[in-house]
Amino acid sequence: MASVKNARVLVVDDEADVLFALKMLLKTEVKEVVTEKNPDLLPGLLERHKFDVIFLDMNFKSALNTGNEGLFWLRQILEKDKEASVILITAYGDVELAVKSLKEGAADFIVKPWRNEKLLETLHQTLEKRQQKAKGGTTTASVKNTHTTILGESEAIKEVLYKIEKIAPTEANVLILGENGTGKELVAQALHERSFRAGKPFVSVDMGALTDSLFESELFGYKKGAFTDAREDRPGRFESASGGTLFLDEIGNISPAMQAKLLTVLQNRQVTPLGSNTPIPVDIRLISATNEPIYELAARNQFRKDLIYRINTVEITLPPLRQRHGDVELLARHFAAIYARKNHKPVPTFAPETLQKLNRHNWPGNVRELQHAVERAIILAEGNVLQPQDFSFSAMEVAPAPAAAFVPDTPMPLREIERETIIRVLEKNKGNISRTAKELGLTRTALYRRLNKHDI
Ligand SMILES: Nc1ncnc2c1ncn2[C@@H]1O[C@H](COP(=O)(O)OP(=O)(O)OP(=O)(O)O)[C@@H](O)[C@H]1O
């Protein structure tokens, strides 16, 4: 940890309550805390004193009230001292502004109302980054195990990569939105690997596969004897992820009862395992993802707005593959190299007509569909040049058929019946893997295995 005890901190906010609260909190932690209500006095203050960290309000109530006063003052500070470490204090819902401020050179941001431990943690990390920079080193966040590669040259993906870079070393909760197979889990891993929590666990939970009855035991854990099958104590996912990152995938699919329980945990920052009376404090960074239109669900009261506010401090939207011009070819070559190696074959090239076919396809299953298509093509291909016929596209691109029960007229092998049923349910659910898996009574992993088995 950086030597917080020697730090000089400035707090600029036009709310007297905020200044008072921060002074009380910080005065026992750092060497000096200066508070200032009037941002106009900032230039003079910076000339007279040297501060290690500046807490700056993003939402000054000024006559101008452009919503950008914080950014204005951030620029002024950085103009005077480009090494200044500024932590912005921002309100809920100011996601875009928060990200913009990171782009502009802010060190981090905290969201009002803050938790004191969180604020102190952010202060420690900012000082640590500052010291490493002064020593000429790189920050821990950018060097640790950064083995997750997100490929893409499209403008859309460049924007995503930029956001990851900026947001990863902060403690912000992140909500990742995007269709199935667009790389949401990959982004979550990249955020973790580039964060200060990189050495700690990354725990992924498929919320779409959790029933109401499993929810609490899986997430909060249980004590021996809490229910018939509880033969020993088992930590929940929140506890297993302690110190690290908890990734809640398919969060848009959880029931109202689960939403309420999750909200309580996130608000109180503690979980109580089943069969126990002792709450355990929660120390996780939360990343969530969904392919559901979560804001539409909220507008129809099917998803709690207060829960969205808890999880979406920053949002990253992954565009569908069909909108990422240029990335199809890049990814196809990448997967071709991987699967050629895996199958002990030389790395193939793509015939020009094949590339045309791949670029024309609309990829409803996104990068995952492309990955499987290339793998199949490599296995099936005769020569070392992949031809258009090596790529036959899945049932997901076929227009959805009316969802009638499937009854074969003539006897069919069981394997065929399984294949046909999966295709039908997939079509009915417009290619949505979670809903299809749920309807078929399978986990998403089990469904993916079958899609592979049946070449769908
Ligand atoms: N930009 C990318 N570069 C390299 N590989 C990628 C990229 N995007 C996705 N992939 C690969 O595609 C596959 C699907 O990605 P991932 O599982 O992260 O998608 P997802 O959006 O979480 O899917 P789902 O919604 O179905 O859970 C993975 O094997 C991942 O490694």
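What pLDDT does the chain average, and what share of the residues score at least 70? The average is 85, and 89% of the residues reach a score of at least 70. This is a predicted model, and the predictor gives the complex an ipTM of 0.98 and a pTM of 0.69. Welcome to a short tour of the ligand, the cores, two buried loop residues and the parts to read with care.

**Around the ligand**

- The shell around the ligand has 18 residues, and those that come nearest are Leu 151, Gly 183, Lys 184, Glu 185 and Val 367.
- Sorted by class, this shell has six nonpolar, eight polar and four charged residues.
- Two helices each supply at least two residues of the shell: helix 8 (184-193) and helix 16 (366-380).
- Seen by domain, the shell draws at least three residues from domain 2 (155-317) and at least three from domain 3 (321-393).

**The nonpolar cores**

- The largest nonpolar core holds 76 residues, and the members touching the most others are Val 9, Ile 54, Val 86, Leu 88 and Ile 176.
- Domain 1 (4-137) and domain 2 (155-317) each give this core at least three residues.
- A second core, separate from the largest one, has 18 residues, among them Ala 336, Phe 350, Ile 378 and Leu 386.
- To follow Val 9 more closely, leave aside residues up to four places away in sequence: Val 9 then touches Leu 26, Val 30, Glu 32, Val 33, Phe 51, Asp 52, Val 53 and Phe 55.

**Two loop residues to look up**

- Glu 250 sits in the loop between strand 10 (245-249) and helix 11 (256-268). Although Glu 250 is not a glycine, its phi is positive, at about 60 degrees.
- Is Glu 250 buried or exposed? Glu 250 counts as buried because 23 other C-beta atoms lie within 10 Å, and the cut-off for buried is 20 or more.
- Trp 363 is found in the loop between helix 15 (352-360) and helix 16. Trp 363 also is not a glycine, yet has a positive phi of about 45 degrees.
- With 25 other C-beta atoms within 10 Å, Trp 363 is buried too.

**Where to read with care**

- Over residues 137-146, pLDDT stays under 50, and the model has 19 contacts beyond four places in sequence for this stretch.
- Residues 397-410 also stay under a pLDDT of 50, with 13 contacts beyond four places in sequence in the model.
- Where pLDDT is low, the predicted coordinates should not be read in detail.

Methods
Residues numbered from 1 in each chain as written. Predicted model: local features only at pLDDT ≥ 70, side-chain atom pairs only at ≥ 80, totals over all residues. Near = placed C-beta within 6 Å. Helix = DSSP H or I, 4+ residues; strand = E, 2+ residues; numbered from the N terminus. Nonpolar A, V, L, I, M, F, W, Y, C, P; charged D, E, K, R; others polar. Domains from an automatic or database assignment. Core = buried A, V, L, I, M, F, W, Y, C linked by C-beta atoms within 7 Å. Buried ≥ 20, exposed ≤ 12 C-beta atoms within 10 Å, placed from the backbone. Contact = placed C-beta atoms within 7 Å. pLDDT = per-residue confidence, 0-100.
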